[in-house]
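Colleague: I would like a close look at a single part of this model, and at how that part fits into its surroundings. Please keep the sentences short.

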Amino acid sequence: MNSFKTDLNLMRKEWYNAFYNGDIKQLDYLEADWFISTNGKKVLYKQHQLKRISEIQFNSKNIGVKRAESDVIVHEFNDIACVCGKAEVINGEETTRINFIENWVKINGGWKLQFVCFESF
């Protein structure tokens, strides 16, 4: 039987939930120590990303963020996984469309996000 942390889809949902709700403790747990994020213009390392998120004021407006993904492709290679696709992020009346790529690595039997790249289209 698989544990929660070995299910890539559940870990992805947990990461996005933590990200959109500003839960830096959960993000810290779900990300590899060498985590990197980029939007194609700027690169953020884990500590900078967590610091920036902690400075953002999260309120009830942010809690209603919805994410719908399409054209998602998942490739797993033993303890490494690559996920790519398109997403619509809906926050109130604002919709942002992005392409994304995620790299996940299995550490001590559980998935950790090591890299995420996203770009608006």
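Modeller: Let us start with a pairing of two strands. Strand 5 and strand 6 (residues 110-120) run antiparallel, and ten bridges join them. One bridge partnership is easy to find: N103 is paired with F115 in strand 6. Keep in mind that this is a predicted model. In general, the strands of a sheet pair through backbone hydrogen bonds, either parallel or antiparallel.

Now look at one residue of strand 5. Strand 5 covers residues 94-107, and E102 is found in it. Is E102 buried or exposed? E102 is buried, because its relative accessibility is 1% and the cut-off for buried is under 20%.

What does E102 touch? Leave out residues up to four places away in sequence. E102 then touches R12, Y16, R67, A81, C82, V83, L113, F115 and V116. F115 appears in that list, and F115 is also the bridge partner of N103. With R12, E102 has a polar contact between side chains, at 2.6 Å.

Step back to the sheet. Six strands form it, and the sheet is open. Their order is 2-1-6-5-4-3, and the pairing is mixed. Which strands stand at the edges? They are strand 2 (43-45) and strand 3 (66-77). Each has a single partner strand, so one side of each is left without a neighbour in the sheet. Neighbouring strands are turned against each other by 15 degrees on average, direction ignored.

Helices pack on this sheet too. Helix 1 (residues 8-21) touches strand 1 (31-38), strand 3, strand 4 (80-91), strand 5 and strand 6. The direction of helix 1 makes about 130 degrees with that of strand 5. Helix 3 (residues 46-55) also packs on the sheet, touching strand 1 and strand 2. The direction of helix 3 makes about 95 degrees with that of strand 2.

Stay with helix 3 for a moment. Its buried residues are K46, Q49, L50 and I53. Why do they line one face of the helix? Seen down the axis of helix 3, they fall within an arc of 95 degrees, so they line one face. These buried residues pack against helix 1, helix 2 (24-30), strand 1 and strand 2. What does the face turned away from the buried side carry? That face of helix 3 carries the exposed residues Q47, K51 and E55.

Next come the charged pairs. How many salt bridges does a search of the whole structure find? The search finds seven. One of them joins the side chains of R67 and E69, at 2.9 Å from N to O. E69 is partly exposed, with a relative accessible area of 31%.

Another salt bridge joins the side chains of D71 and K86, at 3.8 Å from N to O. D71 lies in strand 3 and K86 in strand 4, so the pair ties together parts that are 15 residues apart in sequence. D71 is exposed, at a relative accessible area of 53%. K86 counts as partly exposed, at 34% relative accessibility.

A further salt bridge is formed by E88 and R97, whose closest N and O atoms are 3.0 Å apart. E88 is partly exposed, at 28% relative accessibility. R97 is partly exposed as well, with a relative accessible area of 39%.

Which residues are joined into one network by salt bridges that share partners? They are R12, R67, E69 and E102. This brings us back to E102, which touches both R12 and R67.

Finally, check the backbone. Most residues other than glycine have a negative phi. Which value does D71 have? Its phi is positive, about 50 degrees, although D71 is not a glycine. D71 is found in strand 3. N78 also has a positive phi, near 55 degrees, and N78 is a residue other than glycine. N78 sits in the loop between strand 3 and strand 4. N78 counts as exposed, because its relative accessibility is 73% and the cut-off for exposed is over 50%.

To sum up, follow E102 outwards. E102 is buried in strand 5. Strand 5 is joined to strand 6 by ten bridges. Helix 1 packs on the sheet and touches both of these strands. The salt-bridge network includes E102 together with R12, R67 and E69.

Definitions and conventions
Residues are numbered from 1 along each chain as its sequence is written. This is a predicted model: local features need pLDDT of at least 70, side-chain atom pairs count only at pLDDT 80 or more; totals for chains, interfaces and linings use all residues. Side-chain values use heavy atoms; hydrogens and water are left out. Helices (H or I, at least four residues) and strands (E, at least two) are DSSP runs, numbered from the N terminus. Buried means under 20% relative accessible area, exposed over 50%, partly exposed in between (1.4 Å probe, protein chains only). A polar contact is a pair of N or O atoms within 3.5 Å; within protein, one must be able to donate a hydrogen and the other to accept it, and residues adjacent in sequence count only if both atoms are side-chain atoms. Contact means heavy atoms within 4.5 Å. Two strands pair if DSSP finds at least two bridges between them. Axes are lines fitted to C-alpha atoms, for helices over the stretch in contact, and angles run from 0 to 180 degrees between N-to-C directions. The arc is that of the directions from the helix axis to the C-beta atoms. A salt bridge is a side-chain nitrogen of Lys or Arg within 4 Å of a carboxyl oxygen of Asp or Glu.
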